[in-house]
Structures are given as structure tokens and as C-alpha cells.
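Hi,

Here is the structure I promised to send over. Have a look at it first, and my notes on helix packing and empty space follow underneath.

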Amino acid sequence: SSGINAEYGETGGFSNLDFLDQLGNNKLLSNRLMFLGKYREFHNMIKTQQQKKAADLLVSLVESNLGPPRFQITLLLDSLPLINNVDENLGTNGVVMDSRQTQVLLKALEDMQIKKLLKNSDMQKVETIRLALVTNLASSFLNEPW
């Protein structure tokens, strides 16, 4: 499963999608396989426009720490389309991720920096993610009841 994670990190896709789909309940036997199965489920939700469910699952994947530590940056990058997307069905300003979820992702980004899990080449990505998260946090505060 670490090879599958590495493949996704390098190419942005999986070559063995059938393998992941065929695992069924066997994913529960390994944290890494469970992570991969849930990550595949996340991408399926994105494809079928289930943004709120995808956001919930992505945040739970980040919180669970089931994936390899270095893969957290990929999860945070995967949050960008959800953060930058507006869904009119979700209230007045269409924020997909609420303030709690956004704060979880900001903390994960901060933890990666503290633990020095990021490469110098990741710094532009980090700034892009941070700006998107802070902007979303402000928007989510405006949308949430006091």
C-alpha cells in the first residue's frame, strides 16, 4: 500500500483502481488499506458532486492520521477545490467547509511544518493552502450562527 501512496503522490492517480474497489471489508485489516479505500471514496464523492460529504471525509482522514505523514500535504491540496468552490445549496455564502473543519486543516498544516515533514519545494503549496484556508475560515465565520 505504500507503493500505491507513492504512485499517487508522483502521478496524481491510481493505476490499480479495481484492486481498491475489490477490497471490500478487507480494507479494515490494515490502516493503510483503510486509508486508501477511504481516499478512493473521497475521490468518488468529488466526481459525483457530493462536496459536503467529500469535505467531511477529507477532514476525518486528516484527523485520523491513518495515511503516511508525508501524504498529509496531498490531502490538504485535495481540499483546495472544496475550499475554493461555492455550493449555493449550503446557505448564504455556500461555504463547503465550516470553521471547525477549516481549523482542523490549518492545524494539520501547522503540525507538518513543526514536525518538518515538508520539503523546500512544498513552500509555495503551503502558502496557497494557508491563504485558501484562512479565506475560508473568514467566510465560514460569516455564515455560522453566533
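Helix 3 and helix 5 run roughly parallel to each other in this predicted model, because their axes cross at roughly 15 degrees and anything under 35 degrees counts as roughly parallel. The stretches involved are residues 31-47 for helix 3 and residues 72-84 for helix 5, and the two axes come within 12 Å. The crossing is left-handed. If you want to find the contact on screen, pick out Phe35, Tyr39, Phe42, His43 and Ile46 on the helix 3 side, then Thr74, Leu75, Asp78 and Leu82 on the helix 5 side. Sorted by class, that contact has 6 nonpolar residues, 2 polar ones and 1 charged one.

Helix 5 also packs against helix 6. Here the axes come within 10 Å and cross at roughly 145 degrees, again with a left-handed crossing as helix 5 passes helix 6. From helix 5 you get Gln72, Ile73, Leu76 and Ser79, and they meet Leu105, Ala108, Leu109 and Met112 of helix 6. There are no charged residues in this contact, just 6 nonpolar and 2 polar.

Next along is the pairing of helix 6 with helix 7, which covers residues 123-143. Their axes come within 9 Å and cross at roughly 155 degrees, which makes helix 6 roughly antiparallel to helix 7. This crossing is left-handed too. On helix 6, the contact uses Ser99, Thr102, Gln103, Leu105, Leu106, Leu109 and Gln113. Facing them on helix 7 are Val126, Ile129, Arg130, Leu133, Val134, Asn136, Leu137, Ser140 and Phe141. The class count comes to 9 nonpolar, 6 polar and 1 charged. Leu105 and Leu109 are worth clicking on, as they appear in the contact with helix 5 and in the one with helix 7.

Now for the empty space. How many cavities of 30 Å³ or more are there? The count is 1, and the largest cavity has a volume of about 30 Å³. Its lining is made up of Phe35, Leu61, Asn65, Leu66, Gly67, Pro68, Phe71, Gln72 and Leu75. By class that gives 6 nonpolar and 3 polar residues, with no charged ones. Phe35 and Leu75 in this lining also belong to the contact of helix 3 with helix 5.

I looked at the second largest pocket as well, which has a volume of about 200 Å³. Which helix gives the largest share of its lining? That is helix 6, with 5 residues. Helix 4 (51-64) and helix 6 (99-114) each supply at least two. The full set lining the pocket is Val62, Glu63, Asn65, Pro69, Gln72, Val104, Lys107, Ala108, Asp111, Met112, Lys115 and Leu117. Charged residues do show up here: there are 4 of them, along with 6 nonpolar and 2 polar.

One residue to keep an eye on is Gln72. Gln72 is part of the helix 5 contact with helix 6, lines the largest cavity and lines the second largest pocket. Asn65 likewise appears in the lining of the cavity and in that of the pocket.

Cheers

Definitions and conventions. Residues are numbered from 1 along each chain as its sequence is written. This is a predicted model: local features need pLDDT of at least 70, side-chain atom pairs count only at pLDDT 80 or more; totals for chains, interfaces and linings use all residues. Side-chain values use heavy atoms; hydrogens and water are left out. Axes are lines fitted to C-alpha atoms, for helices over the stretch in contact, and angles run from 0 to 180 degrees between N-to-C directions. Helices (H or I, at least four residues) and strands (E, at least two) are DSSP runs, numbered from the N terminus. Angles under 35 degrees count as roughly parallel, over 145 as roughly antiparallel, 65 to 115 as roughly perpendicular and the rest as oblique. A crossing is left-handed if the near helix is turned anticlockwise from the far one by less than a right angle, and right-handed if clockwise. Contact means heavy atoms within 4.5 Å. Ala, Val, Leu, Ile, Met, Phe, Trp, Tyr, Cys and Pro count as nonpolar, Asp, Glu, Lys and Arg as charged, and the others, Gly among them, as polar. On a 1 Å grid over the protein atoms alone, a cavity is a set of points where a 1.4 Å probe fits but cannot get out, and a pocket is an open set with protein on both sides within 12 Å along at least five of seven lines; lining residues have an atom within 4 Å of a point. Grid points are joined across faces, edges and corners, and a volume is the space filled by probe spheres set on the points.
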